[in-house]
Each structure stands twice: as structure tokens, then as C-alpha cells.
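I set out to look up the enclosed and open spaces of this model, and then two individual positions. My entries follow.

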Amino acid sequence: MSQPMTPAAVHKQYDEAMTAFRRQITDSAARVAFGREADAFMRQCACGVWRADQGMTPLHVEYYNAIYSKGNSVPTALYWELASLVENYDRFVLPNFFRRLIKADLERGLSQSRRFVDTFTLMLLLFAAVDGKVSEAEAGFVNACADSLSDYCDHCGVRGGKSGLDVSEFVARRTDGEPVKTGRPEDEAVSPAPAKAEAREETPPKPEPTLEELLAELDGLCGLQKVKEDVKGLINLVKVRRLRQEAGLPVPPMSLHLVFMGNPGTGKTTVARLLAKIYHAVGVLSKGQLVEVDRSGLVAGFVGQTALKTQEAVDKALGGVLFIDEAYALANQDNANDFGREAIEVLLKGMEDHRDDLIVIVAGYTDLMGNFIHANPGLESRFNKYFYFEDYDGTQLAEIFRSVCKKNGYTLDEETDKAAAEAFQVMYDRRDENFGNARDVRNVFEAAVARQANRVAAMEAPKMEDLMALTVVDLDLEEEENSEKERG
């Protein structure tokens, strides 16, 4: 095994390759789209590569944050965020900028989209090799993604053929010449290349969580008692409907689309993700994935483009849940020509056309969501179930903080735990319209981790307990209080 690359080296190679390719794009619209969208797409693919392999390390966070091109903002993911992104990676999705590249190629008789496949493949291999090797599972994932891009070029009639780049040459080998099998190919979200199929069949598929396991995960969430009761009531309703169907009894039509109302950071996305899996477990949805979007993910700035963009989100969510955060932004009461109305019409049609395998959850502030639902009669008829997410109180905020610390390998002594609990109670008592609930907890945690890093870095030979311990000094409650006042 070779030595892993440093994050700085990863960034240098990535930035140089992506910048060089962007400069080659002759179509200005495609070049702008590539510059705007490519980094986020490549980070998503990095999550797919790492999901195909075994486990995560804190160093992966540094590699993830190193995936950005010159002129774009640097991502700031933490370990627990990246672990969640990797674990919840769904499947490879063709990026919009690639479609623009193909369109430009067809108009100009070029093949720049095919050259991107080579750049894309090498970048994914770069991500795979950050631990010093490319496993067979990672190579299979890279191959499958590259084949998807090449096949789409073939389908559209782009000149040229598939790349001659052989991914298998990069796979780490044992001393006997056999490939290193370190991945978990059963988790791959795209179809494996045919040549790798036999090797993958040896590993049994990862079992899907049972309804009981999902309900236990729901019960394990902090607070949200009323929401938990509502979810269980909804499950019971679905179960009884199914029993009536099996008994030959009439089953009246019922909408399972939901409205989540509440302030930011109250667990709406987490519950939506669990609900998608629960609906799949009880047989309502065929896949159970969650696709999360907001207005920017549905609305474009040109006539006709919004319909395409919204339809793409609907298609991606088929078999699962389409979760629209801050959905009220789609209903602009002050502008009758706002493209958000076009998005709503496409959504309503998608909900009608795929009523048996698509559930839409809209979410946002309580008052604004009422205005959104009443903005269109079609919305009122399809959304008749409302879940209200209350703010977390001081005790619950402290519990969330302890959970985040434990999940990320940090410890709190009795004094620090008490100080944190008191601080979160003050935060709750002083809350205003800017109160972020669990998001504020996350901000406190991130700031404490940054201070702890500065403190530990100054030690001559820190021990394991030093690396893990958060102290009252790290919390710096006086600074946090001043920051709260500034935000208020």
C-alpha cells in the first residue's frame, strides 16, 4: 500500500484538473454551469466512492473539504456530517452541467463531454486513493459511474467512443496478484460493470432495516413526542388500510402527503428521512429514498426551464419521498408571473401521475406554510395532514449537545456538562425569531471543537483523553453569549 496523499495534494490535483477542463469548454453557458455545479457534484460522487469502501476516518473530512476549485468557497463539513452524507448516499445522478456539455457538443460537432468522462474517472480514482489504495469495490463504483456518462453520450449521439482508461489497472493487488477486496459492493447505488458482477455476488446484500428498527430509531430522537405519536398513528392507518384491502373491503382514497410546520433545526429533515424508510418498510413506497430540495432546486430563471428542473426532482424521488424545505418560497403572492407557480403545477401533476409511488412532504415556518397551502386549490386537496415540530427546550438542547459530542468522540466532564446545560437553558429562555434549535447546538459544538483544537495543538505531547476532552474553556460561554446578542 502506498502512502495516503495529503489533503493539500488532493486539492492541488483536483483544482488543476478541473480548472484545466473548464478552460477547454468552448460554450460559455456550459462553462458557467460547470464552474457553478461541478464541485458539489464531485463531492457527492466522493461520498459514493467512500460508501463503496470500508468505513470512514476523520482524515476523509479533510479530503472532502479539499474538493473545490479555485474561486469557489471551501466546504466545512465535520466528521459526523460527512459520515451521514456517505451513509445516505443514494445513487449516481447525471449532473445538469453534463447535459449542457452534450447539448453544446451536438450543436458544435465536438466531444468535450466525452473528455469530461476521463477527467471525472481520474478524479474519482483520486478520491478512492486517499487511503493509499483503490479497492475493487471502489473501482467498480467508478466504472459504473463512468459508464453511465459514456452511455448517455452514446444515447445522445455525441461523436467519439468510450474512454480507453482501464480503471482495473488502479486496483490494489495482493502479493498473489488478486485484487484487494475491502469494499462493501452491496451498498453501491449504481449498477456494477458486467466484468465485476461475479465477484460482487459473493457478498450477501445488506439487509434493509425492519419497521421495528425504524420505529426504535424514531423513538430515540430527542423530544418530538407529538410528532412521534402522529407518525405512529399514520403507520397504523396504513396498516389497517392494507388489511381492509386484503379482506376485500372498500378502502376510501387517502393522501399520505404531509406538511411539516416548525422552526429551523427541529428535526423535520431527520423525521422525513425516517418516514421515507418507514413507508418503504410497510410497502407504501418501492424504494424509500429521500430527495431534499428547496426553491432553488425546483425553480429556474427562464421560461420553461422550471418545469424541466422540477420534473427532474420528481423523477429522482419516484419510489420515495420528495422533501421540499421552505416550500412557502414557491408561492410568491406579490408576483403573479413568478416561476414558483410553474413548479407547483408540475409538482401537482407529478403527485397525480405517481400517486402510488411518490410522497411529497413540504416544510417550513408554521405561519408561512398556511399561506403556501392556501395559494393553490390543488395543494389544499392533497395536503391534509399536518405535523407540528415544537422548539427544543433547554434540557433537550443539552441532550442533543451530549449526543453530538459522543457521536464525534468528544467527552464532557461533570463541570463542563453542567455549564453547557445551564448555557443551553439561557439560550432557550432568550430565544427569538432567529432561534435555530439544534442548529444552534451544532454551532456551539463546532466552535468548541475549534477552540479545543487550538488548545490541544499547543500541548507538547497530548494524550488520548486530551484529544477527546471538551472543557469549560473550550465552550467559552461568555463569547457564545456575546455572539448570541450580536445575532439577535
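Entry 1, cavity lining. I sorted the residues around the largest cavity by class and obtained 9 nonpolar, no polar and no charged residues. For this sorting, Ala, Val, Leu, Ile, Met, Phe, Trp, Tyr, Cys and Pro count as nonpolar, Asp, Glu, Lys and Arg as charged, and the others, Gly among them, as polar. The model is predicted: local features need pLDDT of at least 70 and side-chain atom pairs pLDDT 80 or more, while totals for chains, interfaces and linings use all residues. Residues are numbered from 1 along each chain as its sequence is written, and side-chain values use heavy atoms, with hydrogens and water left out.

I worked on a 1 Å grid over the protein atoms alone: a cavity is a set of points where a 1.4 Å probe fits but cannot get out, a pocket is an open set with protein on both sides within 12 Å along at least five of seven lines, and lining residues have an atom within 4 Å of a point. Grid points are joined across faces, edges and corners, and a volume is the space filled by probe spheres set on the points.

The count came to 1 cavity of 30 Å³ or more, and the largest cavity holds about 40 Å³. I listed its lining as Ile-324, Ile-344, Leu-347, Met-351, Val-360, Val-362, Phe-372, Leu-379 and Phe-383. H13 and strand S4 (359-364) each supply at least two of these residues, with H13 giving the most, 3 residues. Helices (H or I, at least four residues) and strands (E, at least two) are DSSP runs numbered from the N terminus.

Entry 2, second largest pocket. I noted a volume of about 610 Å³ and a lining of 21 residues, with Arg-241, Met-254, Leu-256, Arg-355 and Asp-356 nearest the centre. Helices H10 (225-246), H13 (340-353) and H15 (377-382) each give two or more residues to this lining; H10 gives the most, with 4. By class, I found 9 nonpolar, 5 polar and 7 charged residues here.

Entry 3, Val-314. Is Val-314, in helix H12 (residues 305-317), buried or exposed? I found it buried, at 1% relative accessibility (buried is under 20% relative accessible area, exposed over 50%, partly exposed in between; 1.4 Å probe, protein chains only). Leaving out residues up to four places away in sequence, Val-314 touches Leu-322, Leu-347, Gly-350, His-354 and Leu-358 (contact: heavy atoms within 4.5 Å). The C-alpha atoms of Val-314 and Gly-350 are separated by 6.6 Å, at 36 residues apart along the chain.
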